[in-house]
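Please open the model in a viewer and follow the selections below in order. The tour concerns the ligand and the protein around it.

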Amino acid sequence: MPPRGVVRRRLVDCTVVKIRHLEEADHGPVVAVVDGWWGGRRMATKLPRLFFRYFAGTSFAVEEDGELVAFLVGLVGSPADEAYVHFVGVRPDHRSQGLGRRLYETFFDEVGRRGCRTVRAITSPVNTGSIRFHTSMGFEVLRGEDAEGGTSVHPNYDGDGEARVVFVREVP
Ligand SMILES: CC(C)(COP(=O)(O)OP(=O)(O)OC[C@H]1O[C@@H](n2cnc3c(N)ncnc32)[C@H](O)[C@@H]1OP(=O)(O)O)[C@@H](O)C(=O)NCCC(=O)NCCS
């Protein structure tokens, strides 16, 4: 049996991929790459160090041979039965291999154990890849007062004039 946390071992090149909790020490390496992983959008400022320090218990990293190749920042606040995914990102050359799904499944397990019944996540209407990913992950779009590109959105969601797509699903 592989050690707990080892999710995949490629026998050909002996690459070991494992999932672990995110740590405060991951903050620097992650903010150094997120803008690139998000196609040049300025995302790093939305990911302050506090998430890595205070929400590590509900946040996860995927490591390949010791290098972080994907991460999910999630939290449980109040209401205590609702979890929230703030960021999920996979290094571009590691996409479409199930890592995003695996991170979400790990998060569902964790927040389910904590008594959560629903999970929410939010994305920008321009991020059509994220919309399709969340739909594939079983999320529904929470109806807003407007629509962009055929998707229902919540205008001025954060008070900055920008609309957001709001996703919700039950914890499996
Ligand atoms: C969105 C993202 C996290 C998906 O990660 P991933 O590891 O490539 O996704 P997976 O391989 O686990 O795919 C899971 C499912 O989503 C679907 N999916 C993922 N990305 C998709 C895309 N761009 N378009 C259509 N479907 C997509 C897959 O087809 C798969 O569906 P299936 O299991 O029913 O076959 C990744 O593309 C990414 O990091 N994007 C940039 C950051 C971002 O936008 N994050 C989300 C907002 S916080």
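Select helix H4 first: with five residues, H4 gives the most to the shell around the ligand. The coordinates belong to a predicted model.

Next, select the whole shell, which comprises 20 residues around the ligand. Val 88, Val 90, Ser 96, Arg 101 and Asn 127 are the closest of these. Colouring the shell by class shows seven nonpolar, ten polar and three charged residues.

Now display the backbone atoms of Val 90, Gly 98 and Arg 101 together with the oxygen atoms of the ligand.

- At Val 90, a polar backbone atom is 2.7 Å from a ligand oxygen.
- At Arg 101, the distance between a polar backbone atom and an oxygen atom of the ligand is 2.8 Å.
- At Gly 98, a backbone N or O atom lies 2.9 Å from an oxygen of the ligand.

Then switch on the surface. The ligand taken alone exposes 910 Å², and the protein buries 73% of that area. Its site is the largest pocket. To place this site in the fold, select strand S5 (82–90), helix H3 (99–113) and helix H4 (128–136), the elements that each supply two or more residues to the shell.

Finally, colour the chain by domain, using 1–116 for domain 1 and 119–172 for domain 2. Where does the ligand lie with respect to domain 1 and domain 2? Both domains give residues to the shell around the ligand, so the ligand lies between them.

Notes:
Residues are numbered from 1 along each chain as its sequence is written. This is a predicted model: local features need pLDDT of at least 70, side-chain atom pairs count only at pLDDT 80 or more; totals for chains, interfaces and linings use all residues. Side-chain values use heavy atoms; hydrogens and water are left out. A residue is near a molecule or strand if one of its heavy atoms lies within 4 Å of it. A polar contact is a pair of N or O atoms within 3.5 Å; within protein, one must be able to donate a hydrogen and the other to accept it, and residues adjacent in sequence count only if both atoms are side-chain atoms. Accessible areas come from the Shrake-Rupley method with a 1.4 Å probe; for residues, only the protein chains shown count as cover. On a 1 Å grid over the protein atoms alone, a cavity is a set of points where a 1.4 Å probe fits but cannot get out, and a pocket is an open set with protein on both sides within 12 Å along at least five of seven lines; lining residues have an atom within 4 Å of a point. A molecule sits in a cavity or pocket if more than half of its atoms lie within 2 Å of its grid points. Helices (H or I, at least four residues) and strands (E, at least two) are DSSP runs, numbered from the N terminus. Ala, Val, Leu, Ile, Met, Phe, Trp, Tyr, Cys and Pro count as nonpolar, Asp, Glu, Lys and Arg as charged, and the others, Gly among them, as polar. Domain bounds come from an automatic or database domain assignment.
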